[in-house]
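Biologist: Could you pick one part of this model and take me through it closely? I'd like to know how it ties in with whatever surrounds it.

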Amino acid sequence: MRFFIDCEFNAEIGPQIELISIGIAAEDGRNYYAVSSEFDPDKCSDWVKKHVFPKLGAPAFDNGAGEWAGSLVVPITLLEMRAQIKEFVGMKPAQFWGYFAAWDWLLLGQHIMEGMLNLPANWRHLCMDVKQWQIQSGAPAFAPLSRDKEHNSLNDAIWTRDYYKYLSRWTATNGGEGDFF
């Protein structure tokens, strides 16, 4: 099963990076979204305050059961997030994908799971990148997410899932490099 991830975080300042939110879009259509109760808003860059803070509520998305999510999101601890994500991913082999995914993978592995050595055994211990696959395959770039939806981690994760589907179709039709696994 493939899972497409995106995280929002305070700023790109190495050891001081803090997770704000995470979105995970599963290949089977399920979605997960959480906002951390542990980040310090005062440590966030002005860019994050302007572009991310207004979008921290749950986006309007179909949860796969024909129900629409509301906009109220109660922030949770990283420990609660860890338990929820493990349950969401389940016990089957899991493959993770992102878009320019280095920070997303670091935040999931280091911050939420408390270290890459603590990743569940069924998780592949690397995160694949749709942008890298697009460049490697020679596929045209995928349409960007609309500005009113970008920088919400769940919207971005769903867009990454759509990007993956686009690349799968493109490489099947055009003979580019296939999926990495």
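**A salt bridge and the unit beside it**

Modeller: Let's start with glutamate 114, which is exposed, its relative accessible area being 52%; do keep in mind that the model is predicted. Its side chain meets that of arginine 82 in a salt bridge, 3.5 Å from N to O. The two partners sit 32 residues apart, so to speak in distant parts of the chain: arginine 82 belongs to helix 2 (residues 78–89), while glutamate 114 is in the loop between helix 3 and strand 5. Their surroundings don't match either, as arginine 82 counts as buried at 13% relative accessibility, whereas glutamate 114 is exposed.

Now follow the chain around that loop. Helix 3 (residues 102–112) is the middle piece of a right-handed β-α-β unit, with strand 4 and strand 5 on either side of it. Strand 4 (residues 94–98) is mostly covered, with 5 of its 5 residues buried. Take its faces one by one: Ala94, Phe96 and Gly98 are buried on one side, and Gln95 and Trp97 are buried on the other. That split fits a simple pattern: in a regular strand, side chains alternate between the two faces of the sheet.

Strand 4 also has partners. It runs parallel to strand 1 (residues 2–9), with 3 bridges joining them, and phenylalanine 3 stands opposite phenylalanine 96. Strand 5 (residues 123–129) is parallel to strand 4 too, this time through 4 bridges. In that pairing, glycine 98 stands opposite aspartate 129.

Aspartate 129 brings us to a charged residue without a partner. Lysine 131, in helix 4 (residues 130–137), is buried yet has no salt bridge. The nearest side chain of opposite charge is that of aspartate 129, 8.3 Å away, and a salt bridge would need a nitrogen and a carboxyl oxygen within 4 Å. Leaving aside residues up to four places away in sequence, lysine 131 touches Tyr99, Phe100 and Tyr163.

For context, a search of the whole structure finds 3 salt bridges. Besides the one we began with, arginine 2 pairs with glutamate 27 at 2.6 Å, N to O. That pair links strand 1 to the loop between strand 2 (19–26) and strand 3 (31–35). Arginine 2 is buried at 17% relative accessible area, but glutamate 27 is partly exposed at 34%. Aspartate 28 and arginine 30 also form a salt bridge, with their closest N and O atoms 2.9 Å apart.

Key. Residues numbered from 1 in each chain as written. Predicted model: local features only at pLDDT ≥ 70, side-chain atom pairs only at ≥ 80, totals over all residues. Heavy atoms only, no water. Helix = DSSP H or I, 4+ residues; strand = E, 2+ residues; numbered from the N terminus. Buried < 20%, exposed > 50% of the residue type's maximum accessible area, 1.4 Å probe, protein only. Lys, Arg positive; Asp, Glu negative; His and termini not counted. Contact = heavy atoms within 4.5 Å. Pairing = 2+ DSSP bridges. Right-handed = clockwise from strand over helix to strand, strands pointing away.
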